[in-house]
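Q: I would like a close look at one helix here, and then a walk through the rest of the fold with it in mind. Please keep the account brisk.

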Amino acid sequence: MLSQISEPRPRLPILGRGPLVVLIEDDPVMGQSLIEWFNIEGYRTEWFRTGRDAIQKLGDTDPDVILCDIRLPDLTGEEIFKVIAPQVFGTPILFITGFGEIDQAVRLMKAGAADYMTKPFEIDALLQRIEKLIASRWALTEGYELGNSPAIAIVERQLRRLATVDSTVLLTGPSGAGKEVAARFLHAKGQRHPQPFMAINCAAIPAELLESEIFGHEKGAFTGAQARRIGYAEQAGDGILFLDEVADLPQTMQAKLLRLLQERTFMRVGGDRLTSFRARVIAATNADLTQRVKDGRFREDLYYRLAVIVVDIPALRARPEDILALANRFLGEFCSSFGTGQKQFSFLAEDALLAHDYPGNIRELRNRIERAVALAETDLIGPADLFPEKVHRGDSSDPVLSLQQSRDNAERRAILAALALTKGDVTLAAQRLDVSRSTLFEKIRRLDIRYEG
């Protein structure tokens, strides 16, 4: 059971976007109490009442930590751990145990469980233990780094886990969605971070030069090779070799890349000595590689070497919660680099940004902000500055939103302003907005608001 502690102060860590805690607990009183505390602290939760239910449904979740009672009506903690540990890819599992079950808890820790706590315990101690367990892949005080939307949150959790292993990763997704950003994030969070990150665009280099670019060449290897050149594979050292647009590799280079991945050695063009390849490979493509394999345009054996783990980067239209945050980040960057002084978006400009479909994804958004900062005649950026093509076609420069969309946008701005004034204190913010605290929490959840104060 939980020991009594004081009422928690209101806080807003990452409402609706916090780390996911999976609870496996049959006691309805204790289970409900824990779920309520986790929700107050900003965690998302999933509660299973039996071991079999957890085993059956855990694969549909993506937990950051699992909290499991060691004694359940149908299975023991050891029986559950044996089944779920291989499924959750290193997710920390913390067991709750009574004094008489400590031996079993110790055995579980020897088998790979993260920790255990004996009943009764204080909720503060449990929360501190959980924060430590997830700290390596989730900075609870900072939240997600790649965005606020559910779609990109899933991607970031995957990348944080993959940063701890050395498997080859294939990043998929539409052009401009941020695949190289994801690759650099994966590099930054891993043990190879101090080492080089070498990126090569396989579609931007002529086929006859690609082999030399990747593997390097010796002096005199071909006409114009007046000196030895060290290629990207060698420059990467113990770091990352990022192969962007890998679907555009010509067939001859596909065979040589396969050999590089299989044998972990290569030879410079015109060379006669093998060089070891130590880097981790991350590849990216906006093409359907499985279809290209079927069409005979991409080697099946190379595909399986690259697609050890596939991470799909969502299009910007699938993550609307990130649009304004990204737009304001780009606005600050370009105002600073252009020396224009700080500009800001009008409310209509924000509505226009939210209404656009972004076929060019984040790259399109960034380009629109750059152009607007460069050409806007005032410090207030309007819809016409962002979408001049609509004015040129004779269309209205102000997209028409539904009344519900307009109300939501207005409420979102008002709530964020109140949270900024009260430094995230939900109770004070509710007072300023003249609503109850529960009403404000409901709106924060419904509108997917996250305060970054």
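On the other side of α19 from its buried residues, which residues are exposed?

A: This is a predicted model. The two residues are Gln431 and Arg432, which are exposed on the other side of α19. Start with what they face away from. Helix α19 covers residues 426-433, and Val426, Ala429 and Ala430 are buried in it. These three span an arc of only 100° around the axis, so they sit on the same side of α19. Gln431 and Arg432 are on the other side. Just past the helix comes Asp434, with a positive phi of about 60°.

Helix α20, residues 437-446, can be read in the same way. Its buried residues include Leu440, Phe441 and Ile444. Viewed down the axis, the buried residues of α20 keep within an arc of 100°, so they line one face of the helix. After α20 comes Asp448, and its phi is positive too, near 55°.

Now the wider setting. The chain has 20 helices and 16 strands. It runs to 453 residues, of which 48% count as buried. Take the contacts between residues at least 6 apart in sequence: 70% of them join residues at least 24 apart.

Helix α7, residues 179-188, has a longer list of buried residues. They are Lys179, Ala182, Ala183, Phe185, Leu186 and His187. What do they pack against? One helix, α6, is among the partners. The others are the strands β6 (169-172), β7 (197-201), β10 (240-244) and β13 (280-285).

Two helix pairs show how helices meet here. The first is α1 with α5. Helix α1 covers residues 28-40; its axis and that of α5 come within 12 Å and cross at roughly 60°. That angle makes α1 oblique to α5. The crossing of α1 and α5 is right-handed. From α1, Leu34, Trp37 and Phe38 take part in the contact. From α5, Ile123, Leu126, Leu127 and Ile130 meet them.

The second pair is α8 with α10. Helix α10 spans residues 251-263, and it packs with α8 at an angle of about 15°, the axes being 11 Å apart. Angles under 35 degrees count as roughly parallel, so α8 is roughly parallel to α10. The crossing of α8 and α10 is right-handed. Leu210, Glu211, Ile214 and Phe215 are the α8 residues at this contact. Met253, Lys256 and Leu260 meet them from α10.

Next, the charged pairs. Side chains of opposite charge can pair when their charged atoms come close. The structure holds 26 salt bridges. Three of them tie the elements above to other parts of the chain.

One is between the side chains of Arg157 and Asp64, at 4.0 Å from N to O. Arg157 lies in helix α6 (residues 150-162), while Asp64 lies in the loop between α2 (51-57) and β3 (65-69). The two are 93 residues apart, so the pair links distant parts of the chain. Are these partners buried or exposed? Arg157 and Asp64 are both buried. Helix α6 has appeared before: the buried residues of α7 pack against it.

The next bridge joins Arg129 to Asp115, with the closest N and O atoms 2.8 Å apart. Arg129 belongs to helix α5 (residues 123-134) and Asp115 to strand β5 (residues 115-118), 14 residues away. Arg129 is partly exposed, at a relative accessible area of 26%. Asp115 has 17% relative accessibility, so it counts as buried, the cut-off being under 20%. Helix α5 thus has a charged link to β5 as well as its contact with α1.

The third bridge is between Arg229 and Glu213, whose closest N and O atoms are 3.3 Å apart. Arg229 is in strand β9 (residues 229-230) and Glu213 in helix α8 (residues 207-215), so parts 16 residues apart in sequence are tied together. Arg229 is partly exposed, with 23% relative accessible area. Salt bridges with shared partners also make one network of Glu218, Arg228, Glu234 and Arg268.

Back to the helix you asked about. Val426, Ala429 and Ala430 are buried in α19, whereas Gln431 and Arg432 are exposed on the other side.

Notes. Residues numbered from 1 in each chain as written. Predicted model: local features only at pLDDT ≥ 70, side-chain atom pairs only at ≥ 80, totals over all residues. Heavy atoms only, no water. Helix = DSSP H or I, 4+ residues; strand = E, 2+ residues; numbered from the N terminus. Buried < 20%, exposed > 50% of the residue type's maximum accessible area, 1.4 Å probe, protein only. Arc of directions from axis to C-beta. Axes fitted to C-alpha atoms, helices over the stretch in contact; angles between N-to-C directions. Parallel < 35°, antiparallel > 145°, perpendicular 65-115°, else oblique. Left-handed = near helix turned anticlockwise from the far one by under 90°. Contact = heavy atoms within 4.5 Å.
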